[in-house]
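This briefing goes through one chain by topic, beginning with a helix and moving on to the core, the sheet and the charged pairs.

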Amino acid sequence: MAELTLTLKLPFHRLNAIKAAELERLTAVNTEVANELLKVDKSERKNLTSAAFNHIEIGSAWINQTIRNANAKTKVKHFKRMWLETNNHNYEISKSGNLFAVSFNLLRGRKGRIPLEVHHASHAELLERAIAGEVKLGSIKLCKSRKGVWYALISVSMEVPDAGQVKGWIGADRGQNNIVVAALPNGFGRF
């Protein structure tokens, strides 16, 4: 059995202006933390934990992930934006009626719940399987599109059966002169 990992891009359901402004502000604070980390020597940066950032209001799990992300980017000189991200231990997916919601503690000591919009039936099925424990949740990242829509990017992993043996194939080549060329293994191609 192979493991398949997918990332679900789920917009927040009716996110009000106050929550959107708070997410924007906390993303700016997170970016400042990441840029402060770039000023620290690389050997010292690897030993930092969220305890070094007690003065920051963002939860420690989110700060620890920011430290890991900043350490992973070795050639960056300045971050324009560092999205808020955390691992699977620090959030929950729940369902109330037909509405899915994600709960997390973005601020220290406060847990919030934000409803999600699910547009694809496959996403709804994966979220229900995650609630049932059949699918393993990965990290969550909170980001905003250029149009101003906030999303929760949730990664999920699941076991899938191995692919069967390939018995035949068709090759297709899209060229500039001929629109499509298709060829079977033992035969001449068609234009």
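In helix α1, the buried residues are Ala20, Leu23, Leu26, Thr27, Val29, Asn30, Thr31, Val33, Ala34, Asn35, Leu37 and Leu38. The model is a predicted one, and every value below is computed from it.

**Helix α1 and its surroundings**

- The cover over the buried residues of α1 includes the helices α2 and α3 together with the strands β2 (84–86), β4, β6 and β7 (150–160).
- The length of α1 agrees with expectation, because its 23 residues, at 1.5 Å a residue, should span 33 Å, and its end C-alpha atoms are 33 Å apart.

**The nonpolar core**

- The largest nonpolar core has 43 residues, and those with the most contacts inside it are Phe12, Ile58, Leu106, Leu142 and Ile154.
- Helix α1, which covers residues 17–39, gives the most to this core, with eight residues.
- Ile58, which is among the residues with the most contacts inside the core, touches Leu26, Val29, Asn30, Ile63, Leu84, Leu106 and Arg108 when residues up to four places away in sequence are not counted.
- Of these partners of Ile58, Leu26, Val29 and Asn30 are also listed as buried residues of α1.
- As general background, nonpolar side chains in soluble globular proteins tend to be buried together.

**The sheet β3-β4-β5**

- Three strands form an open sheet in the order β3-β4-β5, and their pairing is antiparallel.
- Strands β3 (91–96) and β5 (110–116) stand at the edges with a single partner strand each, so one side of each is left without a neighbour in the sheet.
- From one strand to the next, the twist averages 30°.
- Strand β4, made up of residues 99–107, is joined to β5 by six bridges, and the two run antiparallel; across this pairing, Phe100 stands opposite Leu116 in β5.

**Salt bridges**

- The count of salt bridges comes to seven, and three of the pairs are described here.
- Glu24 and Lys144 meet through their side chains in a salt bridge, at 2.8 Å from N to O; the pair links distant parts of the chain, with Glu24 in helix α1 and Lys144 in strand β6 (residues 136–144), 120 residues apart.
- Both members of that pair count as partly exposed, Glu24 with a relative accessible area of 24% and Lys144 with one of 27%.
- Glu57 forms a salt bridge with Arg25, in which the closest N and O atoms are 2.6 Å apart; here Glu57 lies in the loop between α2 (42–45) and α3 (60–72), while Arg25 lies in helix α1, 32 residues apart.
- Glu57 is partly exposed, with a relative accessible area of 35%, and Arg25 also counts as partly exposed, at 33% relative accessibility.
- Glu57 and Arg25 belong, together with Glu22, to a network of salt bridges.
- The side chains of Lys111 and Glu92 meet in a salt bridge at 3.8 Å, N to O, which links strand β5, where Lys111 lies, to strand β3, where Glu92 lies, 19 residues apart.
- Lys111 counts as exposed, because its relative accessibility of 56% is over the 50% cut-off, whereas Glu92, at 46%, counts as partly exposed.

Terms used:
Residues numbered from 1 in each chain as written. Predicted model: local features only at pLDDT ≥ 70, side-chain atom pairs only at ≥ 80, totals over all residues. Heavy atoms only, no water. Pairing = 2+ DSSP bridges. Helix = DSSP H or I, 4+ residues; strand = E, 2+ residues; numbered from the N terminus. Axes fitted to C-alpha atoms, helices over the stretch in contact; angles between N-to-C directions. Core = buried A, V, L, I, M, F, W, Y, C linked by side-chain atoms within 4.5 Å. Buried < 20%, exposed > 50% of the residue type's maximum accessible area, 1.4 Å probe, protein only. Contact = heavy atoms within 4.5 Å. Salt bridge = Lys/Arg side-chain N within 4 Å of Asp/Glu carboxyl O. Expected span 1.5 Å × (residues − 1).
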